[in-house]
Amino acid sequence: MNRLESCLSVIRAELYAYISWLKNNKSLAFFMVLWPYLTAVFLLGLGTLLGSLEEYKVRMNIANPAFYIIASGGIMVSSISIIDSVVGIALRHRWLGTLPYVVSSPPGFTLTMMLGPIPGSMISSFIALSSILPAAIYFEGLLGFIKIFIVLLIIYLAMLPLIGLSIIIAGLTLIIGEEANIAAFISPFMLLLSGVFYPQTLLPEVLRLMSTIIPLSYVVNAVKLLATYHIPPFNIFMTIMGVIIGLTVIYNTLSIPGVIAIEKRVLRHGIHG
Amino acid sequence: MYAIEAIDLHKTYVTKRGWIRRRVERIRALKGVSFKVKKAEVFGLLGPNGAGKTTVVKILSTLLLPDKGTARIMGYDVVNEPRKVREIIGVSLSAERGFFWKLTGYENLKYFGLLRGLKGARLENRINYLMDLLGLKQLGGYTKLYEEYSLGMKARLNIARALLHDPEVLILDEPTLGLDPHSARAIRGLLVKLARHENKTVLITSHNMFEIELICDKVAIIDKGKIIALGTVSELKRLVSKEVPVVIDAWKYSYSAQELLEMLKKRINVALNIEESGNGYARIRILAPIGEEEKIIHKVIDTLYHIGVRIREAKIVEPTLEDVFIKLTRGHL
C-alpha cells in the first residue's frame, strides 16, 4: 500500500464509520439538524440583548441580519464539530480501545490522526448547513441557496490549516496521557475570537491580534460579506480565501517537524488501548 | 528466514509523577529478550502478570519502540520498516474493548478492512467468510451492535479482525482471557488450524498453561523481563524430571491464597503454587524432589491441619507445563 492509497483508506474508513454511527444513532442525527437553529436563536438573543435588531445590524455592520444569524448558527455548529473531531480523535480512539488497531494498520499513527477527523467534520458541517438551507431559501431565495453552498466550501477550505495541528494535538494528548477533552475548553474561546458572537472590533487588542491567526475568523468574515452584499466584492472575498490558503501553508509547514518528533515520542511511550 | 525474530530487546518505561517535585520512576519491562519463531509455528509466550509479555507483543506490533535490540517480522524490521510489518501482521489485544460500540460487528469489520485498503467484493467476501468461520453469523453478529455482543462474541470478532487481511503472522495477546470453555476451545482449534492448514505463524501470549501446552509447538517462559526457558513442551517438561508434582485440594479455609502460600513457604522449602478455585476451595501444587514426596505431603498436610484448613484430596500427578513454570518462577503467577 503506497502513501496515497493509505490516505484514501483512512478517508474511506472514517467516512464509513461516521455514516454508520449516525445511522445507528438516529436521535443524534435529528439533533444535528436542529442544533443550528438552536444556536441561531442563541445568537439572536445574545445580539439583541443590548438593543433592537436595527442596533444589532449597525453594531455587526451587516445588511441582512436574518441570513447572518442563521448562517452563523450553522458555522458555530460546524466549528464546534470540527474542533471536537480534530482535538478529540486520539482520545476517542483511546476511550474505545481502537487506538492500537488503528495505529497498527498500514496508514499508521500520523496519517490516521491527520486525516481521520476530516470525514466526520465534513459530514457534520454538511448536515449543519443543509439543515439551515430551507431558512436561507426562505429569506433570500435561490441566492440564499448559493450563499450557503459558498459558506460550506469556505468551511471546508478553512479545515485545511487544521490538518497539521490535529496530529500535534493528538500526539500531545497521548504523551501527556491524561483524559481531558480539551476541545470542550477550546471551542468557546475560538468562537469568541472568531467574531461569531459579536464583532471582533469590540474585542481587546490582544484578542483581536490572536483572532487574525484563527482560520475560523475568516469564515465568519466571509459570511458577513455574504450577508451584506448580494454579490460580495470579488477582491475582498479573494483576499479572505488567500489568507486561509496562506494559513494552510504556514500551519502545515510549521507542523511537519513537530509531526515527526511527536510520532517518535508517542511510539517510545507506547500506544495503549 | 524466521517468521518472527526478537534479538536482545530492552525496554524501560519512564513515568513522571508529582506536580511540583517531579519524581521519575523507571520500570525495566524487558531486559534482553531474544527468541525466534519459524513459519507456520504456534509459539507461546508464557509468563506471570507484569512479566513483559504485552511489551513484547507491542514491540512486534509496531506499537512501541524498543530502547535497544532488534525485532523482525518476515525479515522486516519493526522499527525501520513499520509499514511493511503492519501489512503482514494481524494483531489482537484485549478482547473486551477495541471496537466501536455503536456499530454492528459487520460495520466494525468493514471499518478495519477499509483502513487496511480492502474494498468492494473482496472485503465483503472476506467479512462473510470470517463471520461464518468464527460462528458469528450464526449468533446474529452481522446486525447486532458491538455493545450487545457477549464476551465470547467479542473475542471471536477480535480474531476475525486480526485475520481480515489474511496476514502471514498473527500476534495475539491472551485471546481466550475470560472466555467460557466452549468459546476458548473454538478459538484454540482455529489457531491450530490456521497454522497447520494455512501456514500462518501464530504468536500467542497467555498465563493459561493448559492452553499453551495444548496448542503451542514451542514455548518461551518470560519472567521479570527475561526469557527463562525456551523449547518445545516436552523439552521444557524435562526440566522437572527430578521432581514429582503433587496436587492437594483444600477447602473451607479463611485465608487468601497469598497468605496460605506465605505460611507454607515458611515451613517447606520447595517450589509451590496455590490457585484459588472459588467458594473457599484452593488447589496447592507442589514440586517435590524425587524420594521426598511422602515427607513433604505429610509436612504440608500437618501445616494445613494446624491452621484449620481441611484437606479434600492429595495426589501425585503427571508433570505439566505448570510445574515447569512453578519451578522456574518459584510459583508466583
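**Close-up views of a predicted two-chain model**

**View 1. A:Asn64, a loop residue out of the solvent.** With a relative accessibility of 18%, A:Asn64 counts as buried, since the cut-off for that label is under 20%. Bear in mind throughout that this is a predicted model. A:Asn64 sits in the loop that joins helix H3 (53-60) to helix H4 of chain A. Which residues does A:Asn64 touch, once its neighbours within four places in sequence are set aside? The contacts are A:Glu140 and A:Ala227. A:Met122 makes a handy distance marker here: 58 residues separate A:Asn64 from A:Met122 along the chain, and their C-alpha atoms are 27 Å apart.

**View 2. Helix H8 of chain A and its two sides.** One of the contacts of A:Asn64, A:Glu140, brings us to helix H8, which runs over residues 133-140 of chain A. Its buried residues are A:Ala135, A:Ala136 and A:Glu140. Looking down the axis of H8(A), you find these buried residues within an arc of 105 degrees, so they line one face of the helix. The general rule helps when you read this view: an α-helix has 3.6 residues a turn, so residues three or four places apart point the same way. On the face of H8(A) turned away from the buried side are the exposed residues A:Pro134 and A:Tyr138. What covers the buried residues of H8(A)? The cover includes three helices of chain A, namely H2 (26-47), H4 (65-96) and H9 (142-159). Right after H8(A) comes A:Gly141, and its phi is positive, near 70 degrees.

**View 3. The largest pocket, lined from chains A and B.** The volume of this pocket comes to about 890 Å³. It has 25 lining residues, and those closest to the centre are A:Ile175, A:His269, B:Val14, B:Thr15 and B:Lys16. Elements giving two or more residues to the lining are helices H10 (162-176) and H14 (234-269) of chain A, plus strand S1 (4-17) of chain B. Which element supplies the largest share of this lining? That is S1(B), with seven residues. Sorted by class, the lining of the largest pocket holds nine nonpolar, seven polar and nine charged residues.

**View 4. The second largest pocket and the helices around it.** Here the volume is about 680 Å³. There are 27 residues in the lining, and A:Tyr18, A:Trp21, A:Asp84, A:Ser85 and A:Arg92 lie nearest the centre. Four helices of chain A each put at least two residues into this lining: H1 (3-24), H2, H4 and H7 (117-131). H4(A) gives the largest share, eleven residues. The class count for this second largest pocket reads 15 nonpolar, eight polar and four charged.

**View 5. The largest cavity, with no charged residues in its lining.** The structure has three cavities of 30 Å³ or more, and the largest has a volume of about 150 Å³. As a general point, rolling a probe the size of a water molecule over the atoms shows where empty space is left. Residues lining the largest cavity include A:Ser79, A:Ile82, A:Ile83, A:Met159, A:Leu162 and A:Val219. H4, H9 and H13 (215-228) of chain A each contribute at least two residues to the lining. By class, the lining has ten nonpolar residues and one polar residue.

**View 6. The second largest cavity, with residues of both chains in its lining.** This one has a volume of about 90 Å³. Chain A lends A:Tyr101, A:Ser104 and A:Ser105, while the chain B residues include B:Phe112, B:Arg116, B:Arg161 and B:His165. Helices H3 (105-115) and H5 (151-163) of chain B each supply at least two lining residues. The lining counts five nonpolar, three polar and two charged residues.

**View 7. Helix H11 of chain B, and a pair of cysteines.** Helix H11 spans residues 321-329 of chain B, and seven of its nine residues are buried, so it is largely enclosed by the rest of the structure. Among the buried ones are B:Leu321, B:Val324, B:Phe325 and B:Ile326, along with B:Glu322 and B:Asp323. Now for the cysteines: how many disulfides does the structure hold? The count over all chains is zero. B:Cys216 is buried, at a relative accessible area of 8%, whereas A:Cys7 counts as partly exposed, at 22% relative accessibility.

Terms used:
Residues are numbered from 1 along each chain as its sequence is written. Chains are lettered from A and ligands numbered from 1 in the order in which they are written. This is a predicted model: local features need pLDDT of at least 70, side-chain atom pairs count only at pLDDT 80 or more; totals for chains, interfaces and linings use all residues. Side-chain values use heavy atoms; hydrogens and water are left out. Buried means under 20% relative accessible area, exposed over 50%, partly exposed in between (1.4 Å probe, protein chains only). The arc is that of the directions from the helix axis to the C-beta atoms. Contact means heavy atoms within 4.5 Å. A disulfide is a pair of cysteine sulfur atoms within 2.5 Å. On a 1 Å grid over the protein atoms alone, a cavity is a set of points where a 1.4 Å probe fits but cannot get out, and a pocket is an open set with protein on both sides within 12 Å along at least five of seven lines; lining residues have an atom within 4 Å of a point. Grid points are joined across faces, edges and corners, and a volume is the space filled by probe spheres set on the points. Ala, Val, Leu, Ile, Met, Phe, Trp, Tyr, Cys and Pro count as nonpolar, Asp, Glu, Lys and Arg as charged, and the others, Gly among them, as polar.
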